[in-house]
Amino acid sequence: MFKEKTKHAFYTLTHPFDGFYEIRHFEKGSIYLALCILFLGSISFSLNRQYASFVVNDTNPLDINSFIDLLAIAVIFLLFCVGNWSITTLMEGEGRFRDIVIATGYSILPIVLLFMPATLFSHFIAADEEAFYFLFIALSVIWMVLLVFIGNMTIHNYSFSKALATMLITIIAMLIILFLMVLLFSLVQQIYSFLRSFYTEIIFRN
């Protein structure tokens with residue numbers, strides 16, 4: 001079963017309209033596989049930042065925290081899925097939250113397939129050949145964005161224009177959710193500080 005799901009994930013890379021349609025209507029996707037691809041994509045991104053050659057990478061590896069990279073990508077992924085689900089629910093989208101997670105996770109597969117080869121390739125090029133490396137990176141990112149867009153359009157049964165509008169509104173929704181999360185965290189922190197100060201004052205008075 002898992003082998004079939006994996007084959008379908010690779011099938012979706014080259015046949016995105018059919019692949020995402022089958023995920024929505026024939027249950028051919030796997031949420032566990034989508035999360036595995038997300039994890040592998042996060043690892044590939046973090047390793048690329050750390051180990052790409054100095055010819056193409058001016059980031060100090062000592063300044064990179066892999067856990068923070070993984071956490072940041074997971075948060076962005078979750079924000080997108082929640083934001084997209086909340087918007088498409090209001091805009092008569094047919095996709096379920098499960099479908100959004102699977103389609104978005106599968107769309108990260110180009111990062112998994114191309115970032116690591118690009119990282120290795122960077123160690124065999126000269127300074128005047130760095131364009132080939134950035135072509136690898138650009139190709140994987142563009143491929144991923146196209147898959148996310150086609151997946152969004154297919155699982156929700158949207159037209160091109162409606163899918164484009166939904167993607168733009170989803171980005172706005174992500175920013176709003178992020179703002180509310182930061183606001184909530186700040187509020188909780190202030191309440192905690194107040195209660196702690198109040199408790200300390202009572203202890204000292206007694």
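A nonpolar patch sits on the surface of this predicted model, built from Leu184, Leu187, Val188, Ile191, Phe194, Leu195, Phe198 and Ile202. Taken together, these side chains offer about 780 Å² of accessible area. One of the patch members, Leu195, has its place in helix 8, which covers residues 160-205.

Aromatic contacts come next. A pair of aromatic rings is described by how far apart the centres are and by the angle of the planes. The count here comes to six aromatic pairs. Among them is phenylalanine 121 with phenylalanine 136, a tilted arrangement with 5.8 Å centre to centre and 40 degrees between the planes. Phenylalanine 121 belongs to helix 6 (residues 109-121) and phenylalanine 136 to helix 7 (residues 130-155), so this pair ties together parts that are 15 residues apart in sequence. As for solvent, phenylalanine 121 counts as partly exposed at 28% relative accessibility, and phenylalanine 136 likewise counts as partly exposed, at 29%.

Phenylalanine 149 and phenylalanine 160 make up another aromatic pair, this one edge-to-face, with 5.2 Å from centre to centre and 70 degrees between the planes. This pair links distant parts of the chain, as phenylalanine 149 is in helix 7 and phenylalanine 160 in helix 8, 11 residues apart. Burial splits the two partners: phenylalanine 149 has 13% relative accessibility and counts as buried, since the cut-off is under 20%, whereas phenylalanine 160 has a relative accessible area of 54% and is exposed, since that takes over 50%.

Then there is the empty space inside. Rolling a probe the size of a water molecule over the atoms shows where such space is left. The search turns up one cavity of 30 Å³ or more, and the largest cavity has a volume of about 60 Å³. Its lining is made of Phe80, Asn84, Ile100, Ala103, Thr104, Ser107, Val148, Gly151, Asn152, Ile155 and His156. At least two lining residues come from each of helix 4 (66-90), helix 5 (97-107) and helix 7.

On the backbone side, a couple of glutamates stand out. Glutamate 27 is not a glycine, yet its phi is positive, near 55 degrees. This residue falls in the loop between helix 2 (16-26) and helix 3 (31-51), and glutamate 27 counts as partly exposed at 36% relative accessibility. Glutamate 92 also has a positive phi, about 60 degrees, again without being a glycine. Its place is in the loop between helix 4 and helix 5, where glutamate 92 is exposed with a relative accessible area of 66%.

Technical notes
Residues numbered from 1 in each chain as written. Predicted model: local features only at pLDDT ≥ 70, side-chain atom pairs only at ≥ 80, totals over all residues. Heavy atoms only, no water. Patch = residues over 30% accessible without salt bridge, like charges linked within 9 Å, V, L, I, M, F, W, Y side chains within 5 Å. Areas by Shrake-Rupley, 256 points an atom, 1.4 Å probe, with all protein chains shown as cover. Salt bridge = Lys/Arg side-chain N within 4 Å of Asp/Glu carboxyl O. Helix = DSSP H or I, 4+ residues; strand = E, 2+ residues; numbered from the N terminus. Phe/Tyr/Trp six-rings, centres within 6.5 Å; stacked < 30°, edge-to-face > 60°. Buried < 20%, exposed > 50% of the residue type's maximum accessible area, 1.4 Å probe, protein only. 1 Å grid on protein atoms, 1.4 Å probe; cavity = no way out; pocket = protein on both sides within 12 Å on 5 of 7 lines; lining within 4 Å. Points joined across faces, edges and corners; volume = space filled by probe spheres on them.
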